[in-house]
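Hi everyone, thanks for making time this morning. I'd like to walk you through one structure, so please have a look at it while I talk.

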Amino acid sequence: MLINCVVYEDGSKLADIPVSRIGEYLSLPRCFVWVALHDASQEELLELQQAFDLHPLAVEDAQNGHQRPKVEEYGDSLFVVLHLLDADADAPRTAMEVGELDVFVGRNYVVSVRNRSSHGFVEVRERCQREPELLKNGPGFVLYALMDAVVDRYFPAIDAFDVELEGIEERIFTQGGARENIQGLYGLKQRLTVLKHAVAPLLEGANKLHGGRVPQICVGTQEYFRDVLDHLNRINGSIDAMRDTIGIAIQANLSMVTIADGEVTKRLAAWAAIFAVCTAFVGIWGMNFEQMPELKWRYGYAMALGLIVSICGYLYYRFRRAGWV
């Protein structure tokens with residue numbers, strides 16, 4: 001478990017402190033404490049619950065670690081759940097690990113708990129410290145910076161999905177790849193669904209921080225949360241468009257399979273018709289009737305073979321012109 005406690009005063013970093021000294025700074029008027037944890041244990045969460053007076057229901061959700069994205073108010077504090085999506089570097093097209101970021105926000109504190117994700121938020125802390133004027137807005141701006149960083153990580157996934165979908169579309173009209181195309185489309189659809197589950201519920205939560213009765217913690221930063229909401233709307237629209245395209249691609253792929261099967265059926269039917277002529281004539285001359293004039297004729301055998309070959313050749317010619325063989 002990794003824990004980092006930093007105190008900020010008037011938009012500037014004041015000190016790095018141990019957890020045991022958090023109470024000394026919570027009473028200061030212009031200070032707030034930012035605590036970041038990675039894979040926190042139940043005991044550590046309970047310790048922070050006592051230090052910051054966190055709501056027990058929010059702490060229980062963080063302990064479970066498998067919540068849908070949401071923004072909940074508990075009195076004058078907020079509890080925010082975000083999904084972290086980490087693609088498998090060895091198999092980016094088949095695996096996507098879903099982590100979770102739980103954020104507790106109060107008047108003078110921010111507690112972020114990261115679970116099942118190797119990608120930290122050092123760049124978010126550096127960004128906040130580079131913008132002291134904005135950091136003066138307190139925990140509300142830190143919450144925005146964390147949400148913005150998480151949402152921005154969704155864009156590379158969307159770009160990768162789009163490139164993959166374009167590649168599959170180009171292969172749809174290539175013979176012999178139907179099964180692989182279907183597997184790729186369904187795999188892509190599953191990963192899009194994972195991203196959809198991360199984005200869609202967060203739209204409602206982000207809207208609470210921008211319009212209507214904005215929580216007191218977020219007053220002064222509404223326009224920043226509107227930017228997050230705009231990004232979420234863009235991503236959600238892209239997901240819906242790609243899912244529609246995948247549905248169309250699956251139907252097109254199945255149509256190509258049907259067409260290919262029809263071509264094979266036509267070829268088999270054409271050759272079956274040609275051989276049926278041979279079978280019919282041979283069956284007639286193979287009957288054991290005594291009164292068959294051509295059986296005693298000197299050229300009967302050659303005539304029979306010639307007639308069979310001629311009719312089969314004519315049928316082959318007609319089928320060839322029709323594109324059946």
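Let me start with one cut-off, since I'll lean on it throughout: a residue is called buried when its relative accessible area is under 20%, exposed when that area is over 50%, and partly exposed in between. Also, please keep in mind that what you see is a predicted model.

So, let's try the cut-off on a serine. Ser112 sits in strand E7. Is Ser112 buried or exposed? Its relative accessibility is 6%, and because that is under the 20% limit, Ser112 counts as buried. What does Ser112 touch, once residues up to four places away in sequence are set aside? The list is Trp34, Val35, Ala36, Leu37, Leu101, Asp102, Val103 and Leu146.

Now let's step back to the strand itself. E7 covers residues 109–115, and 7 of its 7 residues are buried. Both of its faces are covered. On one side you have Tyr109, Val111, Val113 and Asn115, and on the other Val110, Ser112 and Arg114, all buried.

Which strands pair with E7? Let me take E3 and then E6. Strand E3, residues 31–38, runs parallel to E7, and 6 bridges join the two. If you want a spot to find on screen, Val33 has Tyr109 as its bridge partner in E7. Strand E6, residues 96–106, pairs with E7 in the antiparallel sense, over 7 bridges. Two bridge pairs to look for here are Leu101 with Arg114 and Val105 with Val110. E6 and E7 form a hairpin, with 2 residues between them. E6 is mostly covered too, with 9 of its 11 residues buried.

Just past E7 there is a backbone detail that I enjoyed. Arg116 lies in the loop between E7 and helix H4, residues 122–130. Arg116 is not a glycine, and yet its phi is positive, at about 55°. With a relative accessibility of 36%, Arg116 counts as partly exposed. Asp10 also has a positive phi of about 55° without being a glycine. You'll find Asp10 in the loop between strand E1, residues 2–9, and strand E2, residues 12–16. Its relative accessibility is 38%, so Asp10 is partly exposed as well.

Let's move on to the cores. As general background, nonpolar side chains in soluble globular proteins tend to be buried together. How many residues are in the largest nonpolar core here? It has 61, and those with the most contacts inside it are Trp34, Leu143, Leu146, Met147, Leu195 and Ile235. Apart from that core lies another one, of 26 residues, with Tyr25, Val35, Leu37 and Leu54 among them. Coming back to Met147, and again leaving out residues up to four places away in sequence, it touches Leu82, Leu202, Ala206, Leu209, Phe225 and Val228.

Another residue to look at is Ala145, in helix H6, residues 139–152. Ala145 has a relative accessible area of 1%, so it is buried. Beyond its neighbours within four places in sequence, Ala145 is in contact with Val124, Arg127 and Cys128. Ala145 and Asp102 are 43 residues apart in sequence, and their C-alpha atoms are 14 Å apart in space.

To finish, two helix pairs. The first one I'll show is H2, residues 42–52, with H3, residues 56–64: their axes come within 10 Å and cross at roughly 160°. That angle makes H2 roughly antiparallel to H3. The contact is made by Gln42, Leu45, Leu46 and Gln49 of H2, with Pro56, Val59, Ala62 and Gln63 of H3. The crossing of H2 and H3 is right-handed.

Then there is H7, residues 154–171, with H8, residues 178–208. Their axes come within 11 Å and cross at roughly 160°. H7 is therefore roughly antiparallel to H8. What is the handedness of the crossing of H7 and H8? That one is left-handed. H7 contributes residues to the contact including Tyr154, Ile158, Phe161 and Leu165, while those from H8 include Leu185, Leu188, Leu192 and Leu195. You may remember Leu195 as one of the residues with the most contacts inside the largest core.

That's what I wanted to show you. Thanks for listening!

Notes: Residues are numbered from 1 along each chain as its sequence is written. This is a predicted model: local features need pLDDT of at least 70, side-chain atom pairs count only at pLDDT 80 or more; totals for chains, interfaces and linings use all residues. Side-chain values use heavy atoms; hydrogens and water are left out. Buried means under 20% relative accessible area, exposed over 50%, partly exposed in between (1.4 Å probe, protein chains only). Helices (H or I, at least four residues) and strands (E, at least two) are DSSP runs, numbered from the N terminus. Two strands pair if DSSP finds at least two bridges between them. A nonpolar core is a set of buried Ala, Val, Leu, Ile, Met, Phe, Trp, Tyr and Cys residues joined through side-chain atoms within 4.5 Å. Contact means heavy atoms within 4.5 Å. Axes are lines fitted to C-alpha atoms, for helices over the stretch in contact, and angles run from 0 to 180 degrees between N-to-C directions. Angles under 35 degrees count as roughly parallel, over 145 as roughly antiparallel, 65 to 115 as roughly perpendicular and the rest as oblique. A crossing is left-handed if the near helix is turned anticlockwise from the far one by less than a right angle, and right-handed if clockwise.
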